[in-house]
Amino acid sequence: MSDIEIACHGAPWGKDGLINSLADVERAGFRGIETTAEVVELFEDRVAVFNEILVQHRLELASITAGGSKWPGMNLDEEVERGVNVARFLRSAGAKVLVLYPPRPNPEQELEDELDLLPAATAYGEIARRTLEQGVLTCLHPEVGTLVDSPRMLDKFIQMADPEAMKLCVDVGFLAEAKVPMAAFLKEHKKRLGIVHLKDVRTKDLKPRKFVGKGKHKTLSHPHVCELGKGDLDLEEFVELVLDEDYSGWMTVEFDSEKGRTNAQLAAACYKYAEQHLDLVL
């Protein structure tokens with residue numbers, strides 16, 4: 001019913017469980033997998049081997065997540081080269097999307113002004129331009145707790161980076177946590193939409209995460225990312241809004257590990273929900 005294909009994020013399995021994640025994701029029914037940049041470290045010199053493993057599991061690489069270094073403090077030249085290197089791997093693996101998390105606050109070198117973000121944003125813009133030359137979209141993933149944690153900061157960061165080259169990862173969990181209206185956000189960024197993250201969260205089941213705000217330390221409590229359909233989000237409305245904006249491409253399902261359930265069980269349950277309730281499976 002649409003040109004959307006669903007993938008599963010392999011983060012719950014961890015670096016050492018990458019191969020197991022592929023087997024579990026395949027059995028669940030997904031056609032794609034999104035993974036962290038650690039896959040590049042593991043298979044950079046063996047891309048053909050990685051591609052063969054994907055073929056064996058009848059999966060495609062949807063995207064790779066990277067970024068999220070501290071600013072100030074990150075080596076900008078190294079950050080650019082890391083991003084471009086991930087794009088090379090993506091292209092060799094037949095994928096076209098790099099999900100790039102914004103810089104995180106550095107507790108030892110606080111920003112004095114939002115313009116202090118300019119060097120980091122400029123580096124992200126260079127990543128976006130250079131990956132685009134390889135046919136890979138760099139999609140910024142705003143997140144509460146990073147230096148791009150609101151629509152205002154997202155707009156400012158993208159303008160400082162490169163508004164023509166930088167695309168966007170729309171995460172329904174971020175929209176809910178940041179209290180951003182879904183319809184208005186999707187409509188505003190329709191032309192920039194490069195990939196979608198689909199998750200459900202339980203807002204009463206919070207996970208503490210340390211965060212350093214300007215001039216003080218504090219702890220943010222993030223909603224628990226749970227099995228699709230078991231949280232508080234209106235996923236049916238979100239998917240309908242995404243389709244209304246004529247999005248086509250990957251939609252990555254995310255969840256956190258849970259006691260008493262295996263990741264394989266959670267992946268299968270999420271796929272079943274996407275199929276039966278969100279009509280995302282042909």
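**Exercise 1.** In this predicted model, determine whether Asp-24 of helix α1 is buried or exposed, and find which side chain it makes a polar contact with.

*Solution.* Begin with the location, since Asp-24 is found in helix α1. Next, take its relative accessibility, which is 12%; because buried means under 20%, Asp-24 counts as buried. Then look for partners: leaving aside residues up to four places away in sequence, Asp-24 touches Trp-13 and Ala-264. Finally, examine the side chains, where Asp-24 makes a polar contact with the side chain of Trp-13 at 2.8 Å.

**Exercise 2.** Describe how the axes of helices α1 and α3 cross, and name residues through which the two helices meet.

*Solution.* First, the axes of α1 (residues 18-28) and α3 come within 10 Å and cross at roughly 30°. Angles under 35 degrees count as roughly parallel, and α1 and α3 are therefore roughly parallel to each other. The crossing is right-handed. As for the residues, Leu-18, Ile-19, Leu-22 and Glu-26 in α1 meet Phe-50, Ile-53, Leu-54 and Gln-56 in α3.

**Exercise 3.** Follow helix α4 from its start to the residue after it, and state which elements cover its buried residues.

*Solution.* At the start, a side-chain oxygen of Asn-75 reaches to within 3.1 Å of the backbone nitrogen of Asp-77. The helix itself has 17 residues (76-92) and reaches 25 Å from its first C-alpha to its last, close to the expected 24 Å. Its buried residues include Glu-79, Val-80 and Phe-89, and what covers the buried residues of α4 includes α2, α3, β3, β5 and α5. Gly-94, with a positive phi near 80°, follows α4.

Conventions: Residues are numbered from 1 along each chain as its sequence is written. This is a predicted model: local features need pLDDT of at least 70, side-chain atom pairs count only at pLDDT 80 or more; totals for chains, interfaces and linings use all residues. Side-chain values use heavy atoms; hydrogens and water are left out. Helices (H or I, at least four residues) and strands (E, at least two) are DSSP runs, numbered from the N terminus. The expected span of a helix is 1.5 Å times one less than its number of residues. Buried means under 20% relative accessible area, exposed over 50%, partly exposed in between (1.4 Å probe, protein chains only). Contact means heavy atoms within 4.5 Å. A polar contact is a pair of N or O atoms within 3.5 Å; within protein, one must be able to donate a hydrogen and the other to accept it, and residues adjacent in sequence count only if both atoms are side-chain atoms. Axes are lines fitted to C-alpha atoms, for helices over the stretch in contact, and angles run from 0 to 180 degrees between N-to-C directions. Angles under 35 degrees count as roughly parallel, over 145 as roughly antiparallel, 65 to 115 as roughly perpendicular and the rest as oblique. A crossing is left-handed if the near helix is turned anticlockwise from the far one by less than a right angle, and right-handed if clockwise.
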